[in-house]
Amino acid sequence: MPAAYFVVRATFTDAARRAAFDTWYSREHLPDAMKSFGAERAWRCWSLSDPSLHQATYQFADEKALERAVSSEDMKRLVADFNRDWPEVTRTRDLLVQAEETTAA
């Protein structure tokens, strides 16, 4: 079965608070989400072309594991925690399934 991914894209417009956001996300939110979701891996990035764009990606073994994670009570709690701590940050969420992978020869 192909891997599945949960992708959260956040628009963070307050550059003065970016360091605080990074600290919170790294120390609190990402470890909590990893554990709560049962994700295999997670990573996050800041866009080089749009400095306000932050993306977090969580990898799951398959679609069933992803579905369990995003439909869990933990998901509701994580969203509420994010909204409480960063109410001005808007987000979109995508559920993806891997279609293909290749590596350099």
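Let me start with strand E1: six of its eight residues are buried, so E1 is largely enclosed by the rest of the structure. Keep in mind throughout that this is a predicted model.

Now the overall layout. The protein has three helices and four strands. Read from the N terminus, the elements follow the order β-α-β-β-α-α-β. The radius of gyration is 14 Å, and the globule rule gives 13 Å for 105 residues, so the protein is as compact as a globular protein of that length. The C-alpha trace spans about 40 × 40 × 20 Å along its principal axes. As for the surface, the accessible area comes to about 6,600 Å², and carbon and sulfur atoms account for 52% of that. Buried residues are 38% of the 105.

One more global number, on contacts. Taking contacts between residues at least 6 apart in sequence, 70% join residues that are at least 24 apart.

Next, the sheet. In what order do the four strands sit? The order is E2-E3-E1-E4, in an open sheet with antiparallel pairing. Strand E2, residues 41-46, and strand E4, residues 90-97, are the edge strands, and each of them pairs on one side only. On average, neighbouring strands in this sheet are turned by 15° against each other, direction ignored.

Let me go across the sheet pair by pair. E2 and E3 are antiparallel and joined by six bridges, with E3 covering residues 53-60. These two strands form a hairpin, with six residues between them. Within that pair, Arg-41 stands opposite Gln-59 of E3, and Ala-42 stands opposite Tyr-58 of E3.

Moving on, E3 and E1 are joined by eight bridges and run antiparallel. Thr-11 has Leu-53 as its bridge partner in E3. Val-8 has Ala-56 as its bridge partner in E3. On the other pairing, E1 and E4 are also antiparallel, with eight bridges between them. There the bridge partner of Val-8 in E4 is Arg-93. So much for the pairing.

How much of E3 is buried? Seven of its eight residues are, which leaves E3 mostly covered. I gave the figure for E1 at the start: six of eight residues buried.

Now the helices and the core. Helix H3, residues 73-85, lies across E1, residues 4-11, and across E4, running at about 150° to E4. In general, nonpolar side chains in soluble globular proteins tend to be buried together. Here, the largest nonpolar core holds 25 residues, and Phe-6, Phe-21, Tyr-25, Phe-37, Tyr-58 and Phe-60 touch the most other members. Which elements give two or more residues to this core? They are E1, helix H1 at 18-37, E3, helix H2 at 63-70, and H3. H1 gives the most, with six residues.

Take Phe-21, one of those core residues with the most contacts to other members. Leaving out residues up to four places away in sequence, Phe-21 touches Phe-12, Trp-46, His-54, Phe-82 and Trp-86.

Phe-12 and Phe-82 come up again with Val-89. Val-89 is found in the loop between H3 and E4. Is Val-89 buried or exposed? Its relative accessible area is 5%, and the cut-off for buried is under 20%, so Val-89 counts as buried. Apart from its neighbours within four places in sequence, Val-89 is in contact with Ala-10, Thr-11, Phe-12 and Phe-82. Val-89 and Ser-52 are 37 residues apart in sequence, and their C-alpha atoms are 9.9 Å apart in space.

For another pair, take Asp-74, which lies in helix H3. Asp-74 and Ser-49 are 25 residues apart in sequence and 32 Å apart in space, C-alpha to C-alpha. Why is Asp-74 classed as partly exposed? Because its relative accessible area is 30%, and partly exposed covers what is neither under 20% nor over 50%.

To recap: an open sheet in the order E2-E3-E1-E4, H3 lying across E1 and E4, and a largest nonpolar core of 25 residues to which H1 gives the most. That is all I have.

Definitions and conventions: Residues are numbered from 1 along each chain as its sequence is written. This is a predicted model: local features need pLDDT of at least 70, side-chain atom pairs count only at pLDDT 80 or more; totals for chains, interfaces and linings use all residues. Side-chain values use heavy atoms; hydrogens and water are left out. Two strands pair if DSSP finds at least two bridges between them. Axes are lines fitted to C-alpha atoms, for helices over the stretch in contact, and angles run from 0 to 180 degrees between N-to-C directions. Contact means heavy atoms within 4.5 Å. Buried means under 20% relative accessible area, exposed over 50%, partly exposed in between (1.4 Å probe, protein chains only). A nonpolar core is a set of buried Ala, Val, Leu, Ile, Met, Phe, Trp, Tyr and Cys residues joined through side-chain atoms within 4.5 Å. The radius of gyration is taken over C-alpha atoms; the globule rule is 2.2 Å times the number of residues to the power 0.38. Accessible areas come from the Shrake-Rupley method with a 1.4 Å probe; for residues, only the protein chains shown count as cover.
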